[in-house]
Amino acid sequence: MSADLTISRLIKAPPAAVWQAWSDPHHFAQWWIPEPYECKVIKLDLRPGGGFETMMREGDAAKAGGEFQPHVEGCFLEIEPERKLTFTTSLIEDWRPGEPWLALTAQITFTPEDGGTRYTARVLHKTEAEARKHDEMGFYEGWGTALAQLARLLEK
């Protein structure tokens with residue numbers, strides 16, 4: 001197994017629309033975390049060194065007034081609007097070292113294809129063992145569900 005995990009999907013929407021779903025916190029919260037979990041965007045500062053932080057809570061917890069729990073905190077490394085973004089969980093806002101529950105770097109690309117956008121997420125891990133752990137935690141199911149939610153949001 002490689003230390004990288006990759007997932008890709010053709011979304012029937014132009015790169016500008018896919019980028020908007022990533023860059024607008026309101027839109028981002030609608031697809032980033034697999035249902036029935038809810039997403040709360042704390043930070044989405046799309047610039048190198050900008051903070052990236054989301055929290056989540058299960059749908060039933062929301063009905064019961066439950067609290068949001070930490071989900072992802074990281075730092076954007078590279079931003080090319082409508083083309084590519086890269087973030088890591090090893091750093092937090094302003095390049096400060098973080099303490100992630102899972103260290104990774106994600107490269108997200110938005111490539112025009114067949115009138116839509118080929119969305120590809122390549123997730124890099126330090127070791128093959130860490131990639132295997134992420135895979136066993138449900139990488140393809142979780143990221144795949146979020147990607148399907150993104151496509152559903154944009155293809156309405």
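Four elements each supply at least two residues of the lining of the largest pocket: strand 3 (51-58), strand 4 (69-80), strand 9 (116-124) and helix 5 (139-154). The model described here is predicted. Helix 5 gives the largest share of this lining, seven residues. The volume of the largest pocket is about 740 Å³. A total of 33 residues line the pocket, and those closest to its centre are H71, V72, W101, H134 and W143. Sorted by class, the lining holds 21 nonpolar, eight polar and four charged residues.

One of the residues closest to the pocket centre, H71, is found in strand 4. H71 has a relative accessible area of 18% and is counted as buried because this value is under 20%. Apart from residues up to four places away in sequence, H71 touches W32, I33, T54, M55, M56 and W101. W101 is itself among the residues closest to the centre of the pocket.

**Helix 5 and helix 1**

Helix 5 has 16 residues. From its first C-alpha to its last, helix 5 reaches 22 Å, close to the 22 Å expected at 1.5 Å a residue. The buried residues of helix 5 are F139, W143, A146, L147, Q149, L150, A151 and L153. An α-helix has 3.6 residues a turn, so residues three or four places apart point the same way. W143, one of the buried residues of helix 5, is also among the residues closest to the pocket centre.

L150, another buried residue of helix 5, is in contact with A21. The place of A21 is in helix 1. Its relative accessible area is 1%, so A21 is buried. Leaving aside neighbours within four places in sequence, the contacts of A21 are H27, F28, W31, L150 and L154. A21 and P81 are 60 residues apart in sequence, and their C-alpha atoms are 12 Å apart in space.

Helix 1 (residues 15-23) also holds W22. The structure contains 21 aromatic pairs. One of them is formed by W22 and F76, edge-to-face, with 6.3 Å centre to centre and 75° between the planes. This pair links distant parts of the chain, as W22 in helix 1 and F76 in strand 4 are 54 residues apart. Both W22 and F76 are buried.

**Residues in contact with F76**

F76 also appears among the contacts of T86 and of D45. T86 lies in strand 5 (residues 84-88). With a relative accessible area of 4%, T86 is buried. Outside its neighbours within four places in sequence, T86 is in contact with C75, F76, L77, E78, T105, A106 and Q107.

D45 lies in the loop between strand 2 (37-44) and strand 3. Its relative accessible area is 27%, so D45 is partly exposed. Beyond neighbours within four places in sequence, D45 is in contact with G50, G51, F76 and E93. Where does D45 stand relative to G138 in sequence and in space? The two residues are 93 residues apart in sequence and 27 Å apart in space, C-alpha to C-alpha.

**Backbone features in loops**

The peptide bond from E35 to P36 is cis, with omega near 15°. P36 lies in the loop between helix 2 (25-31) and strand 2. Two further loop residues have a positive phi in a residue other than glycine: W95, near 70°, and D114, near 50°. W95 is placed in the loop between strand 6 (91-92) and strand 7 (96-97). D114 lies in the loop between strand 8 (105-113) and strand 9. Is D114 buried or exposed? D114 is exposed, because its relative accessible area of 72% is over 50%. W95 has a relative accessibility of 44% and counts as partly exposed.

The table gathers the accessibility of residues described above.

| Residue | Relative accessible area | Class |
|---|---|---|
| A21 | 1% | buried |
| T86 | 4% | buried |
| H71 | 18% | buried |
| D45 | 27% | partly exposed |
| W95 | 44% | partly exposed |
| D114 | 72% | exposed |

Terms used
Residues numbered from 1 in each chain as written. Predicted model: local features only at pLDDT ≥ 70, side-chain atom pairs only at ≥ 80, totals over all residues. Heavy atoms only, no water. 1 Å grid on protein atoms, 1.4 Å probe; cavity = no way out; pocket = protein on both sides within 12 Å on 5 of 7 lines; lining within 4 Å. Points joined across faces, edges and corners; volume = space filled by probe spheres on them. Nonpolar A, V, L, I, M, F, W, Y, C, P; charged D, E, K, R; others polar. Buried < 20%, exposed > 50% of the residue type's maximum accessible area, 1.4 Å probe, protein only. Contact = heavy atoms within 4.5 Å. Expected span 1.5 Å × (residues − 1). Phe/Tyr/Trp six-rings, centres within 6.5 Å; stacked < 30°, edge-to-face > 60°.
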